[in-house]
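Hi,

Here is the structure I promised to hand over. My notes on it follow below.

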Amino acid sequence: MKKTIIKTIIIILIPLILFVIGLLFYYPSFKVIAFSYEDSEQLLAYLPLKEEKTFQLKYTHSIHLSDVIETYEATSKNIKLTTLEYEDFAVGMPSNAEGDEIFKVTNGKYQITNMKRIFPYIDLRIGQVRANHQLIYLNKTYTLSDYIKPGTWVRISLKRISLWQQLKGVNL
């Protein structure tokens, strides 16, 4: 009788343990904005996405030293640039909109809206001197150099990560 109970417990317990381990280590269940080291899969930091799919990258332009804000939308697999806001026409900044985009001036700032530029990822080198790269999500600002060493090349993408990856990664 005791042996039958022990066998039954083992038969139930071992698959249950394997199932839980599978959920922890392998099942990618959380969608995040991922910051990976260069073009590898090494996760440096991440920010869990809630229902709100819009986020912004803000930085100081290296030449004209004014703020640039890029607004993105997280799609099912890609990142879509929807708005670009800046203060000065200078090297690297557009002087007009393209196609169906709308160029306007609001409160002394230039804006290009209605953008639909889709990227599988964004490569970025975290600023060491002036850039002060920041991620803005749900009205909260995260200074990237607080989480990732300045000068590091990161690849920003949308990923699904497992609970284990969440536990060992750096959550913004």
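**Surface and fold notes**

The accessible surface of the chain comes to about 10,800 Å². Carbon and sulfur atoms account for 56% of that area. Please keep in mind that this is a predicted model.

On burial: the chain has 172 residues, and 38% of them are buried.

Next, the secondary structure. There are 12 strands and 2 helices. The order along the sequence is α-β-β-β-β-β-β-β-β-β-β-β-β-α. That is, a helix begins the pattern, the strands follow, and a helix ends it.

Contacts come next. Take those between residues at least 6 apart in sequence: 57% of them join residues at least 24 apart.

Now the sheet. Strands of a sheet pair through backbone hydrogen bonds, in a parallel or an antiparallel way. Which applies here? In this chain, 4 strands form an open sheet, and the pairing is antiparallel. The strand order is β2-β1-β12-β9. The edges are β2 (43-48) and β9 (122-125), each of which pairs on one side only. From one strand to the next, the twist averages 30°.

Inside that order, β1 sits beside β12. Strand β1 covers residues 30-37, and strand β12 covers residues 153-161. The two run antiparallel and are joined by 8 bridges. For one residue pair to look up in the viewer, try isoleucine 33: its bridge partner in β12 is leucine 158.

Over to you.

Best regards

Definitions and conventions:
Residues are numbered from 1 along each chain as its sequence is written. This is a predicted model: local features need pLDDT of at least 70, side-chain atom pairs count only at pLDDT 80 or more; totals for chains, interfaces and linings use all residues. Side-chain values use heavy atoms; hydrogens and water are left out. Buried means under 20% relative accessible area, exposed over 50%, partly exposed in between (1.4 Å probe, protein chains only). Contact means heavy atoms within 4.5 Å. Accessible areas come from the Shrake-Rupley method with a 1.4 Å probe; for residues, only the protein chains shown count as cover. Two strands pair if DSSP finds at least two bridges between them. Axes are lines fitted to C-alpha atoms, for helices over the stretch in contact, and angles run from 0 to 180 degrees between N-to-C directions.
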